[in-house]
Amino acid sequence: MPSSSAPSVAPVPARVPPVCAHGIRVVIDGVTVLHPLDLRLDAGALTVIVGPNGAGKTTLLEALAGTRPLAAGHVDGPRRVAFVPQRTAIPDALPLTVAEVVRMGAWRRPWGVPAASERRIADEAARLVRVDDLARRPFAALSGGQRQRVLLAQALARGADVLLLDEPTTGLDAASTDLIHAAIDRERARGVVVVAVTHDAALMAAADREVALAAGRLA
């Protein structure tokens with residue numbers, strides 16, 4: 001993975017604790033999609049989650065992010081989490097500009113005009129993944145690679161302690177893939193807990209740890 005000396009959009013978090021899943025289980029429509037599992041994810045490390053389609057990888061990310069209710073168990077650790085879903089999970093007709101999407105990540109208040117500091121953080125995040133020149137374009141008009149970079153910029157603007165990525169480079173061109181690799185490197189160096197569901201050979205090779213799932217269980 002390429003490295004970058006570009007500054008981060010947020011300072012190094014102080015002593016980020018690990019994310020620890022304790023006996024977490026997920027049931028969707030009466031079907032157990034994720035069987036009870038325990039997992040520890042350390043700060044300053046890249047953990048990749050691998051496995052075949054239907055293994056429960058995305059469900060595990062959602063459980064860690066707190067966006068998927070648990071049937072059992074609990075997750076401990078930092079609660080300032082940024083979750084980047086697959087770009088295909090975002091509506092095509094999302095009526096927002098690129099700048100608006102990125103600035104949502106920097107919001108510290110649920111209402112009102114973004115503060116100047118929030119705008120600066122968002123602008124820096126957009127610059128890091130090279131979508132700053134797209135600021136006024138509708139998000140819906142972007143290519144797949146551009147959309148994924150915008151969603152990552154939104155996550156970077158959040159300055160989270162935990163970064164969860166669902167297939168961040170699938171279907172992207174080499175230039176977009178390199179930018180996302182570099183952003184992941186920066187967040188790992190910043191001391192963040194970084195977790196990615198991926199089939200990307202380069203990410204898998206660069207990972208500090210690999211977690212394999214099969215049929216909703218740790219393989």
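## The six-stranded sheet

In this predicted model, strand β3 (residues 45–50) and strand β7 (residues 193–197) run parallel and are joined by five bridges. Within this pair, Leu-46 lies opposite Val-194 in β7.

Both strands belong to an open sheet of six strands, ordered β5-β6-β7-β3-β8-β9, in which the pairing is mixed. The edges are formed by β5 (81–84) and β9 (217–218); each has a single partner strand, so one side of each is left without a neighbour in the sheet.

## Helices on the six-stranded sheet

Helix α1 packs on this sheet and touches β3, β5, β6 (162–166), β7 and β8 (209–214). The direction of α1 makes about 155 degrees with that of β6.

Helix α4 (residues 144–158) also packs on the sheet, where β5 and β6 are the strands touched. Between the directions of α4 and β5 the angle is about 175 degrees.

## The three-stranded sheet

The model also contains an open sheet of three strands in the order β2-β1-β4, with antiparallel pairing. Here β2 (31–41) and β4 (72–76) stand at the edges; because each has a single partner strand, one side of each is left without a neighbour in the sheet. From one strand to the next, the twist averages 20 degrees.

Strand β1 (residues 19–28) runs antiparallel to β2, and seven bridges join the two. Ile-24 is positioned opposite Leu-37 in β2. Helix α1 (residues 57–65) packs on this sheet as well, touching β1, β2 and β4; the direction of α1 makes about 120 degrees with that of β1.

Technical notes:
Residues numbered from 1 in each chain as written. Predicted model: local features only at pLDDT ≥ 70, side-chain atom pairs only at ≥ 80, totals over all residues. Heavy atoms only, no water. Pairing = 2+ DSSP bridges. Helix = DSSP H or I, 4+ residues; strand = E, 2+ residues; numbered from the N terminus. Axes fitted to C-alpha atoms, helices over the stretch in contact; angles between N-to-C directions. Contact = heavy atoms within 4.5 Å.
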